[in-house]
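Hi everyone, thanks for coming. I'd like to walk you through a structure today, so have a look at the screen and we'll go through it piece by piece.

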Amino acid sequence: MNQPFSGFSKLSKEDKINWIADAYFSTPNEAISLLKKYWNSDEKIQKLHDEFIENTITNFYIPLGVAPNFLINGKYNTIPMAIEESSVVAAASKAAKFWSTRGGFKTTVINTEKIGQVHFIYKGDKSKLDLFFIQTKSKFFADTDNITTNMQKRGGGILNIELRDKTNLIDHYYQLHATFETKDSMGANFINSCLEQFAKTLKEEAQNFDLFSETEKEIAVIMSILSNYVPNCIVRAEVSCPIEDLEEKHIPNPKEFAERFVQAVQIAEVEPYRAVTHNKGIMNGIDAVVIATGNDFRAVEAGVHAYAAHKGQYSSLSHAKIENGVFMFWLEVPLALGTVGGLTSLHPLVKLSLEMLENPSAEQLMQFVAVAGLAQNFAALRSLTTSGIQEGHMKMHLNNILNQFEANDEERYEIRKYFKHHVVSHSAVVSYIESLRK
């Protein structure tokens, strides 16, 4: 294929698939058959999925699992997790069970403020722009009344609008920096609608401001868009217990374990190379719940990682300490989530996941998500500071290797029995499979 294809989006689904199969596959019929195997047999559900995005050709499956036994603020919960990575759900479940007998998880929503900005160029006297903004600020609110009415009824709306001078970064660059409360909605469409009206009002009112010269009246709006960086939309999750209560089969010396655990977190706080992998583990838990509940994991990832660097260096999202004989482990993360709108009312499995969580508010969902991240981080650090990460991970990965080589039931039994007492690695498993088949 070395030339563009015109009108692809206008083709039927069948024609799209046929074209792709013929253009890119040596065995077109096999490619078509594989794509169709992943279609839902319920035509209504399949049509729903087809219309989520453009140019849909099939469904891409990710397992939906559950992690039970999460004791959060005194109440047991089962958390849905959509993820393909081996051991993540098992690790979260194990951490949940561990802390369920040691007081459970405590959570607090610190703030729920979201942000949007109108980015514009103004070539003129800054003092005039300041005066213009003061006189026009109420008009920004008034002109968005038709957009904000329903949100205000739910207790949300526009919290504040500021004029920010960014000319030290780019010549003539300014912002309208607005903060919002969107309640149970993630709020992207609401925020962007408000911002586009702000931009329209900004340009119109500038034309009528007598103090502006003709040049100053020509404000150039570059773009109006929400920010996925939400440093004032924060949730905290934490666990704590007396050091001696950490003891279990794999933690025979709880004092030594606690001290090593705290040191491991401290390394992630000061060493960016470690912090990135450390936070990736946290995001294993966070993303899995975000996806299962129909939220935007890319937006969450971007905001969380920006927050990890908000002090000037990329650092750990979680923290740990020992104080007066008590082990404490916690994280604070920015999470802009919604439980209404978007996929939450469309995707059948998203609705199921939210019902499993007893139809939480956005604030409650923030707490579930943060807890999943903290549990995942605890499980990873416990492995790293005791037996090592590969022992548990590779045992979970064993299934993937067996599926890759299409092992039969008898082979699976022999392989699992053998690797109860041997180190699991891809090469070791392959070698043992080959020996069995000889």
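**Empty space, sheets and charges**

Let's start with a hole: the largest cavity holds about 70 Å³ of space. Before I go on, please keep in mind that this is a predicted model. Searching the whole structure turns up three cavities of 30 Å³ or more.

So who sits around the largest cavity? Its lining is made of M186, S227, N228, V230, A299, V300, G303, P334, L335 and A336. Helix α11 gives the largest share of that lining, with three residues.

Now from cavities to pockets. How much space lies in the largest pocket? It comes to about 1,500 Å³. There are 43 residues lining the largest pocket, and the ones nearest its centre are F52, I291, G294, L343 and H347. If you want to find the pocket on the screen, look for the helices around it: α3 (43-50), α7 (188-207), α10 (272-292), α11 (297-308) and α12 each put at least two residues into the lining. Remember α7, as that helix comes back in a minute.

Okay, on to the sheets. A quick reminder from the textbook: strands in a sheet pair through backbone hydrogen bonds, and they can do that parallel or antiparallel.

Here's one of them. It's an open sheet of four strands, and if you read across it you get β5-β6-β4-β7, with antiparallel pairing. Notice that the order across the sheet isn't the order of the strand numbers. Which strands are at the edges? Those are β5 (157-165) and β7 (220-227), and each of them pairs on one side only. From one strand to the next, the twist averages 15°.

Let's zoom in on one pair here. Strand β4 (residues 114-121) and strand β6 (residues 173-181) are antiparallel and held together over eight bridges. If you'd like a landmark, find F120: its bridge partner in β6 is Y174. And here is α7 again, packing on this sheet and touching β4, β5, β6 and β7. The direction of α7 makes about 160° with that of β7.

There's another open sheet to look at, also described by four strands, in the order β3-β8-β10-β9 and with antiparallel pairing. The edge strands are β3 (106-109) and β9 (318-323), each pairing on one side only. Neighbouring strands in this sheet are turned by 20° against each other on average, ignoring direction.

Zooming in again, β9 is joined to strand β10 (residues 326-334) by six bridges, and the two run antiparallel. A handy spot to look at is E323, which stands opposite V326 in β10. This sheet has a helix on it too: α13 packs there and touches β3, β8 (234-242), β9 and β10. The direction of α13 makes about 130° with that of β10.

Last topic: charges. Side chains of opposite charge can pair when their charged atoms come close. How many salt bridges does this model have? The count comes to 20.

I'll pick out a few. K75 makes a salt bridge with E358, and their closest N and O atoms are 2.7 Å apart. Why pick this pair? K75 is in strand β2 (residues 75-82) while E358 is in the loop between α12 (348-356) and α13 (362-384), so the salt bridge ties together parts that are 283 residues apart in sequence. Is E358 buried or exposed? E358 is exposed, with a relative accessible area of 51%, which is just past the cut-off of over 50%. K75 is partly exposed, at 39% relative accessibility.

Next up are R298 and D296, whose side chains meet in a salt bridge with 3.1 Å from N to O. Of these two, R298 counts as exposed at 53% relative accessibility, and D296 as partly exposed at 34%.

Then there's one inside a helix. E414 forms a salt bridge with K417, with the closest N and O atoms 3.8 Å apart. The two are three residues apart in helix α15 (residues 409-418), so about one helical turn separates them. Both count as partly exposed, E414 at 25% and K417 at 43% relative accessibility. Besides pairs like that, there's a network: K139, D143 and E205 are joined into one by salt bridges that share partners.

That's my tour, thanks for listening!

Methods. Residues are numbered from 1 along each chain as its sequence is written. This is a predicted model: local features need pLDDT of at least 70, side-chain atom pairs count only at pLDDT 80 or more; totals for chains, interfaces and linings use all residues. Side-chain values use heavy atoms; hydrogens and water are left out. A salt bridge is a side-chain nitrogen of Lys or Arg within 4 Å of a carboxyl oxygen of Asp or Glu. Buried means under 20% relative accessible area, exposed over 50%, partly exposed in between (1.4 Å probe, protein chains only). Two strands pair if DSSP finds at least two bridges between them. Axes are lines fitted to C-alpha atoms, for helices over the stretch in contact, and angles run from 0 to 180 degrees between N-to-C directions. Contact means heavy atoms within 4.5 Å. On a 1 Å grid over the protein atoms alone, a cavity is a set of points where a 1.4 Å probe fits but cannot get out, and a pocket is an open set with protein on both sides within 12 Å along at least five of seven lines; lining residues have an atom within 4 Å of a point. Grid points are joined across faces, edges and corners, and a volume is the space filled by probe spheres set on the points.
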